[in-house]
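Work through the exercises below with the sequence and the model open. Each task is followed by a solution in steps.

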Protein chains: 2
Amino acid sequence: MAEGEQSAKMAARRQAMLDAAAAVIFEVGYERASLAAIVRRSGGSLSTLYQLFGSKEGLFEAMIVERCACIMEELSSPDLSARGARAVLLAIGHAFMRVLLAPDALALWRMVMAEGIKFPRLPQIFFSCGPDRLHAKLAEYLHGLDQAGYARVPEPLFTAKSFCMLVHGDLYYRVVTGVRPQPEPAELAAHIERAIDMFCRIIQLAPAGEAGDSGA
Amino acid sequence: MAEGEQSAKMAARRQAMLDAAAAVIFEVGYERASLAAIVRRSGGSLSTLYQLFGSKEGLFEAMIVERCACIMEELSSPDLSARGARAVLLAIGHAFMRVLLAPDALALWRMVMAEGIKFPRLPQIFFSCGPDRLHAKLAEYLHGLDQAGYARVPEPLFTAKSFCMLVHGDLYYRVVTGVRPQPEPAELAAHIERAIDMFCRIIQLAPAGEAGDSGA
DNA sequence: GAAGAACTGTAATGTACGTTACATTATCTT
DNA sequence: AAGATAATGTAACGTACATTACAGTTCTTC
């Protein structure tokens, strides 16, 4: 049990350092984040940090990988339980926006954009953890709607990607760049509904609720 | 004429420094870019740089402002001369993507995302130079289509934004993050056409060419 | 063409920080 | 509980770089 305690404690320290790194780096950016500030926040020591992660770059990569998995997890299993295709799409849209607009997800995306050139693995990991999985699930669902005759989705994957584009829309850009504050729930809901309306016209989904109740 | 030559020469130096700053900063990022490297590239001297821009931050802001205006200019006057609404939308889509996918525009967008927290003016300038103007013009055009009865566009501005979203789509994200290379012209054209097809369904534009020849 | 201003090159300064080294303390094994 | 192992705190090292100071050079202007 002693050994277990040992590694458990080290694992906790490791996690604390990842959390501190995320907090500091997300706030000021990779280059401006100092390891001293991270250690000050996490507890432990600089020596331990170097032992666990090898370098500043190592810590950064580990932190981003961990954050990608953690933040994007919710996107990989969308909730398809609502009654009616439009309701399902609405639920997916809401879950999507809830994840995207979470402060950590905003910061993560900024990091991926900012440091993707220097750390090419990051965007790859980000896409495979997040968008790729969601697109695949969504495409599958849309294909089901098509097969069942409730909608016309000749290109499910492209259509799934377009769904995401319409839903996050201009709003996401403005929030992530900080030119506008987070939307109030009502505004967000209105935004999503308008996007879903458009999307339903794209796939020619019957506007009323009668279609798609068990579509996929 | 002597004074004119003087300031003309200084203006050229200033421009060279802005260009060099763009080249270096776009390549390695703001923090990693050294003023020495910029001066080495631009010619002139560090002293002149400080005289013209005051500080590294001053140079950076000036460079971004200049680049925003320069890169986004093409977007503010979309070409509406094509025959038929769908052809106009296609032309706008192509111009839009040509601008967005230019290497400098990709780098500019990365900078706005990366440094927007530290330099809040940058995203504001970026949006007002680029997206805001394009959205307004496009909304105006779409409203014209609606008035003429060629399409149904109850919310022109939101619809214009959605147009941009659909056109740049997932493709833009992947190129700007570097997870995929620039598309070949054929692939790009196919992407845009699919997006326009979808958009035409949204606004219920007649698929054939008979409508909208002088719609706006 | 000489006085003066503006521009340039280089060196100096101060600071911040990644990384390493080492002495000290805590933890685990037996 | 003693010895071995690992974690911590601190300090030192080297480097990179923004910013300033200054001496030399070129251009402007009368």
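**Exercise 1.** Which side chain of chain A does K161(B) meet in a salt bridge?

*Solution.* The model is a predicted one. Start at K161(B) and look across to chain A: its side chain forms a salt bridge with that of D170(A), with 3.4 Å from N to O. The distance passes the test, because the cut-off for such a pair is 4 Å. Next, count such pairs over the whole interface: there are 10 salt bridges between chain A and chain B. Finally, turn to polar contacts, of which the rule finds 15 residue pairs across this interface, both residues at pLDDT 80 or more.

**Exercise 2.** Find which elements of chain A supply the side that touches chain B, and describe the make-up of that side.

*Solution.* Begin with the elements that give two or more residues: α6 (103–115), α7 (121–129), α8 (131–147), α9 (156–177) and α10 (185–202) of chain A. Among these, α9(A) gives the largest share, 14 residues. Then sort the residues of this side by type, which yields 19 nonpolar, 9 polar and 13 charged.

**Exercise 3.** State how much area chain A and chain B bury between them, and which residues of chain A lose the most.

*Solution.* First take the contacts: 41 residues of chain A touch 41 residues of chain B. The area buried between the chains is about 4,000 Å², and carbon and sulfur atoms account for 67% of it. On the side of chain A, the greatest losses fall on R32(A), M113(A) and F158(A), which together make up 18% of what that side buries.

**Exercise 4.** Work out how the two copies are related.

*Solution.* Lay chain A on chain B: a turn of 180° with a shift of 0.0 Å along the axis gives an RMSD of 0.0 Å. The two copies are therefore related as by a two-fold rotation axis. To locate the axis in the model, go to A114(A), whose C-alpha is the nearest to it in chain A, at 2.3 Å. As a last step, compare the contact residues: 100% of those of chain A recur in chain B, so the same surface serves both copies.

**Exercise 5.** Describe the interface between the two domains assigned in chain A.

*Solution.* The assignment gives domain 1 (2–54) and domain 2 (71–202). Domain 1 brings 5 residues to the contact and domain 2 brings 7 residues. Together they bury about 500 Å², 74% of it from carbon and sulfur atoms. In domain 1, F26(A), Y30(A) and E31(A) lose the most area, together 88% of what that side buries. Last, check for charged pairs: the rule finds 0 salt bridges across this interface.

How values were computed. Residues are numbered from 1 along each chain as its sequence is written. Chains are lettered from A and ligands numbered from 1 in the order in which they are written. This is a predicted model: local features need pLDDT of at least 70, side-chain atom pairs count only at pLDDT 80 or more; totals for chains, interfaces and linings use all residues. Side-chain values use heavy atoms; hydrogens and water are left out. Domain bounds come from an automatic or database domain assignment. Contact means heavy atoms within 4.5 Å. Buried area is the accessible area (1.4 Å probe) that two parts lose on being put together, summed over both. Copies are superposed by least squares on the C-alpha atoms of residues with pLDDT of at least 70 in both. A polar contact is a pair of N or O atoms within 3.5 Å; within protein, one must be able to donate a hydrogen and the other to accept it, and residues adjacent in sequence count only if both atoms are side-chain atoms. Helices (H or I, at least four residues) and strands (E, at least two) are DSSP runs, numbered from the N terminus. Ala, Val, Leu, Ile, Met, Phe, Trp, Tyr, Cys and Pro count as nonpolar, Asp, Glu, Lys and Arg as charged, and the others, Gly among them, as polar.
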